[in-house]
Amino acid sequence: MKATTGHEIVNQNKEFTFFSWSIQGTVNPIPVTKAEGVYFWDVDGKRYIDFSSMLMNANIGHQHPKVVKAIQDQASQLCFVQPAMATAPRGELGELLSKVTPGNLKKTFFCLGGAEANENAIKIARMFTGKFKILARYRSYHGATYGAIALTGDYRRPPVEPAMPGVIHFLDPYCYRCPFGWTRETCHRECIKHVEEIIQYEGPNYIAAIIMEGVTGSNGIIIPPEDYWPRLREICDKYGILLIADEVMSGWGRTGKWFAVDNWGVIPDIITTAKGITSGYIPLGAVIVSDQITKFFDDKYLFAGLTYSGHALACAAAIATIKVYEEEGLIENAVNLGKSLGQYLEDLKLKHPSIGDVRYIGLFSAIELVKDRKNKEMMGSESMIEIGKFLRAHGLSTFIFHNMVLIAPPLCIDKEQLNEGLDIIDQALELSDLSVVKD
Ligand SMILES: Cc1ncc(COP(=O)(O)O)c(C=O)c1O
């Protein structure tokens with residue numbers, strides 16, 4: 001049956017398809033039929049401002065005509081050939097990726113999304129180094145397949161363990177709740193030093209790689225101190241460990257640079273990415289490796305492969321997407337509007353006692369809500385649900401993680417649209433203010 005009304009679409013979706021990360025009986029999806037720029041519409045014509053770029057991937061905005069046209073043109077010429085064959089868009093995209101990624105990053109293995117990118121990066125790191133352990137952080141998400149979920153540190157891992165063996169987690173540079181008990185003023189960078197201690201305990205000769213999100217995304221936009229990435233780079237060099245930047249969410253202009261590591265001038269050995277590479281128009285993931293790793297495989301067998309690796313439609317979409325970032329100055333817009341966003345969030349913090357912390361870099365930001373600023377007790381789930389309902393009722397869609405509201409709109413957003421969304425969030429926070437503990 002072809003569903004047409006909102007009710008029918010939702011019911012059919014719910015009856016015959018699973019929804020991610022949720023109790024199936026409780027989901028209440030928006031039946032979406034149309035999207036353009038920073039907005040999307042439900043089947044009844046209600047407009048929503050997309051304040052999270054869907055899942056922080058629709059970076060260029062929705063239905064960009066140039067990308068839609070590139071997909072149509074490629075589809076009418078050649079949708080797909082098997083991955084042992086060469087196509088023009090695959091090679092052109094590979095070359096483009098070597099240009100937009102930092103330093104000597106050279107060759108790309110294509111896959112379908114972020115989890116697969118991380119799976120293949122781990123294989124490549126293990127093959128290249130001959131070592132097997134991987135270090136990753138607790139407040140992280142690296143994907144839901146069994147290798148990627150093993151890397152993931154957050155609540156989504158334990159229920160599905162045992163996953164891939166050999167991953168050791170370490171603590172995060174989460175300055176608002178420093179795991180070592182310091183404040184920004186008294187910080188001694190234990191978050192860096194303890195990584196070196198863990199390396200010594202685990203044995204540098206067994207550790208293939210450290211993987212970290214460029215800027216931690218879904219776990220709350222955790223922006224590391226200035227010297228964090230550079231010092232982790234030094235530690236990796238000292239012990240012969242590869243450094244993998246998971247730029248699935250933090251890449252593609254999101255932080256005001258092509259990739260988040262560019263903010264600190266760091267060149268990882270491998271970048272994994274997906275999401276903004278095509279802005280979600282066609283699924284695509286990529287593992288981009290250094291020149292040294294590229295050369296290593298010149299005479300070694302690459303134990304990696306996927307039927308859809310280098311899919312022509314996806315590659316054509318990515319080439320067009322990258323042109324849009326460049327031609328429309330979207331990364332510059334992320335820098336400029338990022339300043340307005342940051343200022344607005346600082347003002348909100350002065351106004352709303354339920355805000356414990358605001359964090360922002362480019363158009364990548366989070367508001368962390370607490371019941372009590374003194375002891376930082378997290379805002380309860382009932383209040384967060386109320387906020388979510390308010391935002392939805394007022395036509396704003398965004399990503400809420402535990403006690404945090406994430407704000408990561410498409411990079412094509414203008415100041416008026418940004419303020420339109422922020423004003424709705426401002427009103428919603430009056431609800432969480434009601435839950436603040438009174439002295
Ligand atoms: C940092 C990071 N890595 C990996 C992934 C997994 O990507 P995918 O859902 O495309 O498999 C995500 C998804 O949100 C992510 O944020």
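## Cores and helix pairs in a predicted model

Of the 104 residues in the largest nonpolar core, three touch the most other members: Leu-97, Ile-210 and Ile-367. Helix H10, residues 312–327, gives the most to this core, supplying 10 residues. The model is a predicted one.

Take Ile-367 as a way in. Leaving out residues up to four places away in sequence, Ile-367 touches Leu-345, Leu-348, Ile-355, Asp-357 and Val-358. Its list goes on with Asn-403, Met-404, Val-405, Ile-407, Ile-425 and Leu-429. There is also a second, separate core. It has 23 residues, among them Ala-117, Val-167, Ala-209 and Ile-293.

Two of the residues that Ile-367 touches, Ile-425 and Leu-429, also take part in a helix pair. The pair is H12, residues 381–393, and H13, residues 415–433. Their axes come within 9 Å and cross at roughly 150 degrees. Angles over 145 degrees count as roughly antiparallel, so H12 and H13 are roughly antiparallel to each other. Their crossing is right-handed. Which residues in H12 meet H13? They are Glu-386, Ile-387, Phe-390 and Leu-391. On the H13 side stand Ile-424, Ile-425, Gln-427, Ala-428, Leu-429, Leu-431 and Ser-432. The residues of this contact of H12 with H13 divide into eight nonpolar, two polar and one charged.

Now turn to another pair. Helix H7 covers residues 190–202, and helix H8 covers residues 228–239. The axes of H7 and H8 come within 10 Å and cross at roughly 20 degrees. Angles under 35 degrees count as roughly parallel, so H7 and H8 are roughly parallel to each other. The crossing of H7 and H8 is right-handed. From H7, the residues in contact are Cys-191, Ile-192, Val-195, Glu-196, Ile-199 and Gln-200. They meet Tyr-228, Arg-231, Leu-232, Ile-235, Lys-238 and Tyr-239 in H8. Here the contact residues divide into eight nonpolar, one polar and three charged.

Finally, look at Gln-77. Gln-77 lies in helix H3, residues 65–77. Is Gln-77 buried or exposed? The relative accessible area of Gln-77 is 67%. Exposed means over 50%, so Gln-77 is exposed. How far apart are Gln-77 and His-394 in space? From C-alpha to C-alpha, Gln-77 and His-394 are 43 Å apart. In sequence, 317 residues separate Gln-77 and His-394.

Definitions and conventions:
Residues numbered from 1 in each chain as written. Predicted model: local features only at pLDDT ≥ 70, side-chain atom pairs only at ≥ 80, totals over all residues. Heavy atoms only, no water. Axes fitted to C-alpha atoms, helices over the stretch in contact; angles between N-to-C directions. Helix = DSSP H or I, 4+ residues; strand = E, 2+ residues; numbered from the N terminus. Parallel < 35°, antiparallel > 145°, perpendicular 65-115°, else oblique. Left-handed = near helix turned anticlockwise from the far one by under 90°. Contact = heavy atoms within 4.5 Å. Nonpolar A, V, L, I, M, F, W, Y, C, P; charged D, E, K, R; others polar. Core = buried A, V, L, I, M, F, W, Y, C linked by side-chain atoms within 4.5 Å. Buried < 20%, exposed > 50% of the residue type's maximum accessible area, 1.4 Å probe, protein only.
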